[in-house]
Amino acid sequence: MSIQTTTHLNFRGDARAALEFYQSVFGGHLIVNTYADFGMPAEVPGSDKVVFGLVAAENGFRVMAYDIPGQTAGSIAGGGSTRREDNATITDQALFLSLASDTLDELQGYWDALAVGAVIVEPLAASAWSPGFGMLTDRFGVTWSVSVTAA
């Protein structure tokens with residue numbers, strides 16, 4: 001028996017843009033269903049927002065997202081911030097997404113794409129535990145902890 005977990009991100013109006021961005025970074029299949037697709041009258045504000053969204057790629061990447069009804073402030077719900085201070089990661093965010101790759105070259109490609117419009121928390125570089133580790137908060141407010149899988 002096996003199970004699979006998929007991160008489900010809740011946005012305040014930016015779910016579609018975030019899903020399209022993650023598909024551009026990781027590839028895969030994009031599904032977006034709106035509230036109108038599931039019966040909300042088209043004239044109701046927010047009917048065009050995402051009630052079910054998924055990016056699933058053959059490389060194993062999966063993420064789901066939706067827009068909280070009535071929210072239009074963009075970015076991820078809960079927000080918060082993450083920073084490095086005195087060699088420690090300081091955050092009030094509820095979660096990070098962790099991305100691991102077998103090679104630095106592969107990881108570098110994902111890093112470069114995620115870094116567009118992002119806040120770099122810790123640059124991608126060799127660390128004591130990995131040939132490559134870095135943290136960033138992408139333009140949608142999602143913090144990523146990325147690393148090369150240690151041999």
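Strands, as the term is used here, are DSSP runs of E covering at least two residues, numbered from the N terminus. On this basis, strand 7 provides the largest share of the lining of the largest pocket, namely five residues. The model described is a predicted one.

The largest pocket has a volume of about 330 Å³. Its lining comprises 18 residues, and those nearest the centre are Gly 60, Phe 61, Arg 62, Ser 98 and Leu 99. Two or more lining residues are given by each of strand 4 (62-67), strand 7 (97-101) and helix 2 (104-114). In terms of residue class, the lining of the largest pocket is made up of eight nonpolar, eight polar and two charged residues.

The second largest pocket encloses about 180 Å³ of space. It is lined by 14 residues, with Ile 76, Ala 77, Gly 79, Ala 94 and Leu 95 closest to its centre. The main contribution to the lining of the second largest pocket is made by strand 1, with three residues. Here the classes are represented by six nonpolar, seven polar and one charged residues.

Strand 1 also takes part in an open sheet of four strands, arranged in the order 1-4-3-2 with mixed pairing. Strand 1 (7-11) and strand 2 (29-34) occupy the edges and have a single partner strand each, so one side of each is left without a neighbour in the sheet. Neighbouring strands of this sheet are turned against each other by 15° on average, direction ignored. Strands of a sheet pair through backbone hydrogen bonds, in either a parallel or an antiparallel manner. Strand 2 and strand 3 (residues 50-56) run antiparallel and are joined by six bridges. Within this pairing, His 29 has Ala 56 of strand 3 as its bridge partner.

In soluble globular proteins, nonpolar side chains tend to be buried together. In the present model, the largest nonpolar core contains 30 residues, and the most contacts inside it are made by Leu 9, Phe 11, Tyr 22, Phe 26, Leu 114 and Trp 144. The elements giving two or more residues to this core are strand 1, strand 3, strand 4, strand 7 and strand 10 (143-148), together with helix 1 (15-26) and helix 2. Of these elements, helix 1 gives the most to the core, with seven residues. Strand 4, strand 7 and helix 2 thus appear both among the elements contributing two or more residues to the lining of the largest pocket and among those contributing two or more residues to the core.

Conventions
Residues numbered from 1 in each chain as written. Predicted model: local features only at pLDDT ≥ 70, side-chain atom pairs only at ≥ 80, totals over all residues. Heavy atoms only, no water. Pairing = 2+ DSSP bridges. Axes fitted to C-alpha atoms, helices over the stretch in contact; angles between N-to-C directions. 1 Å grid on protein atoms, 1.4 Å probe; cavity = no way out; pocket = protein on both sides within 12 Å on 5 of 7 lines; lining within 4 Å. Points joined across faces, edges and corners; volume = space filled by probe spheres on them. Nonpolar A, V, L, I, M, F, W, Y, C, P; charged D, E, K, R; others polar. Core = buried A, V, L, I, M, F, W, Y, C linked by side-chain atoms within 4.5 Å. Buried < 20%, exposed > 50% of the residue type's maximum accessible area, 1.4 Å probe, protein only.
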